[in-house]
Amino acid sequence: PALVFWCGMQKKNYASFPDLPLPNTEYRLYRWRWLILIALLLLNLSSGMMFLTYSPIPNYTAVFYGVPESYVNGFSITYSATTFFIGLISIIILDTCGLRISLYFGASCNLIGAVIRWISTIPPVLCSHDYQRSGYMVAMIGQTITAFAQPFLLFAPTKLASFWFGPKERAICTTVASIGNPLGFALAQVATPFLVTTVEGISTMTWVYTIPAALSFVLAMVAFWQNKPPTPPSQSTESSQEPFLKGIKQILINVPFWVLLLVWGGGAGLFSALLTLLPQLLCPYGYTNTTAGILGAVMLVSGMIGAALASILLGQTKMYKEVGVVTIGVAALCLIWFVEVARLEHQSVNIAFSLCMFGFFALPLLPVCMELGVEITYPIGEATSSGLLWTASQLVGLVLVLLAQVLQSPLSFVPNNQCSGGSSISSSLLPCAANTTSSAFEVDTTPQDLTYLGIFYSSFVCVLFILFLFLFWPKYKRLDSEMATKKMNGVSGLFNNSKRSM
């Protein structure tokens with residue numbers, strides 16, 4: 001009994017100091033972690049597709065649901081607003097209930113919302129009252145339910161990386177799991193304009209997007225059968241984490257984290273706002289929905305390549321701030337370039353190259369900032385830091401999209417306008433043709449000048465670069481803890497060898 005009491009006291013003492021774990025602990029990596037990673041990747045991919053479903057075709061969506069074109073931005077705004085308001089709740093659930101329950105809930109909301117969005121396109125629902133306005137309301141309900149899934153899915157990658165992956169794999173895991181979201185954006189940017197070449201195509205599009213939601217739901221049910229492996233992969237996983245409220249109090253006085261919150265929130269929010277508004281930025285100057293979708297996909301695919309390369313570099317060098325400074329600085333220059341050429345006709349190559357370079361240098365901020373968030377707040381729970389970062393990005397994205405309504409102005413003469421998707425559509429081709437008068441489906445698709453918005457976006461990202469360069473001075477607490485553990489285990493090993501030699 002005395003020995004048992006002594007061992008228990010030793011564990012208690014080590015637990016009181018998270019940076020000093022039990023020495024001589026063996027760590028293990030499980031192959032199952034790759035299936036879990038694929039499941040979370042597909043969930044985030046499906047969530048990204050839901051987020052950006054309607055943005056590439058604002059004109060057709062406005063006509064289909066019988067609403068002004070500005071209402072179409074509501075589908076993206078709903079995602080940002082929902083994530084902001086329930087972000088804190090999802091952080092608490094992730095830290096207290098773990099990955100399994102949180103991701104089961106996220107996968108379920110994602111699928112249920114996708115099905116409801118498809119139901120909104122069925123004629124009995126779409127045409128039941130006030131032309132198609134009832135269909136729009138049902139679609140918004142479905143969109144809101146899918147939005148409930150987003151914080152649980154977006155906040156999970158850093159926790160998955162910490163619980164299941166080794167120190168050299170964490171940046172790669174965080175990147176792969178998180179990259180599903182922009183990959184879903186890219187697929188939606190390309191697939192939506194190809195699926196919707198007429199107003200009736202929106203119904204087909206919604207059930208097609210339900211398929212990945214269903215597949216990722218099934219895979220999640222199989223993969224997430226436990227929160228963490230029996231044996232931890234590293235020392236930082238084994239160390240006890242701070243309680244949620246205590247962790248929040250520590251973050252409130254953590255100056256580097258506040259700087260990181262501003263930089264990541266601003267950068268990621270601007271990135272998502274640009275994707276949402278890209279067709280509206282380009283259509284007045286002769287670029288179709290399909291062209292805008294392809295350009296958006298080019299930006300995202302190049303960004304995923306850049307993020308993958310950055311994650312490999314970070315895993316080997318841990319040069320988080322250095323990589324961040326380079327990526328933000330070059331991304332700012334590329335955004336300024338895009339804003340200048342986007343207002344000119346017949347500049348597809350220039351626009352594509354500027355967006356390609358912007359994505360390549362902007363999206364690597366994903367692994368940089370997510371890993372930095374964990375490093376500078378350790379031993380606070382991973383979902384807390386990543387959740388606050390993502391919540392900030394959703395709030396900024398919401399503000400930047402709404403800002404477009406303030407800074408836009410009608411263009412009086414546009415010789416090659418591609419924004420009027422609904423004005424030439426015959427009422428006989430609409431889903432509710434029998435209940436439609438000639439004026440019922442006329443929506444305002446007047447092209448808008450967003451020049452001032454582009455100037456604001458360019459200035460904003462330059463401010464973020466200055467903040468990160470001069471005000472962000474991090475201390476890598478998790479890395480320091482793991483180095484201390486290696487030294488402790490080395491000393492312990494030498495002590496045991498000396499005892500055996502005696």
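The paragraphs below lead through a helix pair, a surface patch and a loop residue in this predicted model.

A good place to begin is the pairing of helix α18, which spans residues 382-407, with helix α19, which spans residues 451-471; the two pack at an angle of about 145°, and their axes lie 9 Å apart. On the α18 side the contact is made by V396, L400, V401, L403, A404 and L407, and these residues meet Y452, L453, F456, Y457 and F460 of α19. Sorted by class, this contact of α18 with α19 holds eleven nonpolar residues, with no polar and no charged residues.

Nonpolar side chains also appear on the surface, where V115, W118, I119, W207, I211 and L215 form a patch that together has about 520 Å² of accessible area. The elements that contribute two or more residues to this nonpolar patch are α5 (99-119) and α10 (201-223). One of the patch residues, V115, belongs to helix α5, and V115 counts as partly exposed because its relative accessibility is 32%, a value that falls between the 20% limit for buried residues and the 50% limit for exposed ones.

The last stop is S70, which is placed in the loop that runs between α3 (58-65) and α4 (73-97). With a relative accessible area of 37%, S70 is likewise partly exposed. Although S70 and Q405 are 335 residues apart in sequence, their C-alpha atoms are 8.0 Å apart in space, and the position of Q405 leads back to helix α18, which covers residues 382-407.

Methods. Residues numbered from 1 in each chain as written. Predicted model: local features only at pLDDT ≥ 70, side-chain atom pairs only at ≥ 80, totals over all residues. Heavy atoms only, no water. Axes fitted to C-alpha atoms, helices over the stretch in contact; angles between N-to-C directions. Helix = DSSP H or I, 4+ residues; strand = E, 2+ residues; numbered from the N terminus. Contact = heavy atoms within 4.5 Å. Nonpolar A, V, L, I, M, F, W, Y, C, P; charged D, E, K, R; others polar. Patch = residues over 30% accessible without salt bridge, like charges linked within 9 Å, V, L, I, M, F, W, Y side chains within 5 Å. Areas by Shrake-Rupley, 256 points an atom, 1.4 Å probe, with all protein chains shown as cover. Salt bridge = Lys/Arg side-chain N within 4 Å of Asp/Glu carboxyl O. Buried < 20%, exposed > 50% of the residue type's maximum accessible area, 1.4 Å probe, protein only.
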